[in-house]
Amino acid sequence: MKLGLNGLGRIGKLTLWHHASRQYFSEIVVNLGRQVGSGLQDIAAAIEKDSTYGRLSTYIHGFKGGRVIENLNEEKGTMTVNGIPVTFLRQSRNPKDIDWQGNQVRLVVDSTGAFKDPTADASEAKGSVRGHLQAGAEKVLVSAPFKIKAKGLDMPEDAVTTVMGINDDDYDPSRHNIISAASCTTTCLSYMIKPLLDHFGADRMLSASMVTVHAATGTQQVLDRLPGAGVTDLRKNRSILNNIILTTTGAAKALGLVIPEMKSIGFIAESVRIPTSTGSLIVLVLNLQDEIDNPIKRSLLNSIYEEYSKTSPYLVYSAEQNVSSDIIGLPRAAVVIESSEIHTRTASIRVNLQNLKGCQFESGAVSPILDVPVTQAVIYGWYDNELGSYTNMLGELTVSVAERMV
């Protein structure tokens, strides 16, 4: 089967690395939608070299290196990457105008980040993810969370959000044609939450919050610049080289699509960007209803994650003391649990039931004060937000979808 890839930004380029190394697909067709540099030689150079991960030849062959990109044909727009034929399309940016049908591409990964609304019609002037289907593709994977722009619209019946190893069984090949692979943060978070949810159950999770200490992304500015007209978030226009920048994340909303039980649990997700090129960290805080006589200890949480890591190929349990660069490029690690930094504290929370709607107490009756034992747990999870975690997990999902296509 051929694989179509729309976009060659950070995720697009590293997706090409992943599949060129994996060699599952017989051919890859990459849509750039525009001319690049002075020709195919410049495209090849951009693919081969990476400021964060080094050279593609080293990624595939190790320190021995060796030629990886060969047989460039400017007229046809083709080359071979690790022996895989790759064709580059440089005409159309609108998905509906991309010649997937003519190139016999049935499965497309859209990594542009521009087409995230599954409700948008294929005829949208600026393009739509549904345009890929109109252009001949049968299935489209989106390397970002869905974002429905129009208020009041529900998720279409043919769209689904999945994280490989968490809820990929939700994907129904007979019904779903547009699949979101969520985000790097949601992927990591789902693997931090799922083992504990399986062990304790949703009823014992009173609330949760997280902050992702996230590496810089391509949407941020290298140097300060004036914001565009109507822009409300002025921080995105500040230099990522010199600042820790507060921003937002849709991880909490996307998590509810991947793990529906989380919709009933109060959850807050925040994000800060830091001046590193990749390697991010989630700090997860959970409040669990507990027992004073036998409270939850860090040893229990560590044992839960350690056992889960024995059956899941995507959760790494680490007893080492890591820093962010240690997890860069780590294959298929949705999360690396920093076990030495898991902490718990148990205390009773005093609740005055008279302040709760529907609770009434007569004079002289039992005290309305209720003591509830609660354990607060703090868990740290590393993830390589580009190649190691997200792109490799996206590659796993892509192959899984391809294997179920007839």
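Colleague: What makes β5 and β6 a hairpin?
Modeller: There are 4 residues between β5 and β6, and the two strands pair in the antiparallel sense over 3 bridges. Pairing requires at least two bridges found by DSSP, so β5 and β6 qualify. E70 has T80 in β6 as its bridge partner. In the turn, G77 has a positive phi of about 70°. This is a predicted model, where local features need pLDDT of at least 70, side-chain atom pairs count only at pLDDT 80 or more, and totals for chains, interfaces and linings use all residues. Residues are numbered from 1 along each chain as its sequence is written, and side-chain values use heavy atoms, leaving out hydrogens and water.

Colleague: How do you know that β6 pairs with β7, and in which sense?
Modeller: DSSP gives 4 bridges between β6 and β7 (residues 84-89), and they run antiparallel. T80 faces P85 in β7. This is a hairpin with 2 residues between the strands, and N82 in the turn has a positive phi of about 55°.

Colleague: What makes up the sheet, and in what order?
Modeller: 9 strands, each a DSSP run of E with at least two residues. The order is β5-β6-β7-β2-β1-β8-β9-β11-β10, the sheet is open, and the pairing is mixed.

Colleague: Why are β5 and β10 said to stand at the edges?
Modeller: β5 (69-73) and β10 (159-161) each have a single partner strand, so one side of each lacks a neighbour in the sheet. Neighbouring strands are turned by 20° on average, direction ignored. β10 runs parallel to β11 (residues 178-180), joined by 3 bridges. A159 is opposite I178 in β11.

Colleague: How do you know that α8 packs on the sheet?
Modeller: By contact, meaning heavy atoms within 4.5 Å. Helix α8 (residues 387-403) touches β1 (2-6), β8 (107-110), β9 (139-142) and β11. As a helix, α8 is a DSSP run of H or I with at least four residues. Its direction makes about 165° with that of β9. Axes are fitted to C-alpha atoms, for helices over the stretch in contact, and angles run from 0 to 180 degrees between N-to-C directions.

Colleague: Why is the pair of R10 and E386 called a salt bridge?
Modeller: The cut-off is 4 Å, from a side-chain nitrogen of Lys or Arg to a carboxyl oxygen of Asp or Glu. The closest N and O atoms here are 2.9 Å apart, so R10 and E386 pass. They sit 376 residues apart: R10 in α1 (residues 10-22), E386 in the loop between β19 (369-383) and α8. The structure counts 19 salt bridges by this rule.

Colleague: What lines the largest cavity?
Modeller: T162, V163, M164, A181, T187, M393, L394 and L397. A cavity is a set of points on a 1 Å grid where a 1.4 Å probe fits but cannot get out, and lining residues have an atom within 4 Å of a point. The volume is about 40 Å³. α8 gives the largest share of the lining, 3 residues.

Definitions and conventions
1 Å grid on protein atoms, 1.4 Å probe; cavity = no way out; pocket = protein on both sides within 12 Å on 5 of 7 lines; lining within 4 Å. Points joined across faces, edges and corners; volume = space filled by probe spheres on them.
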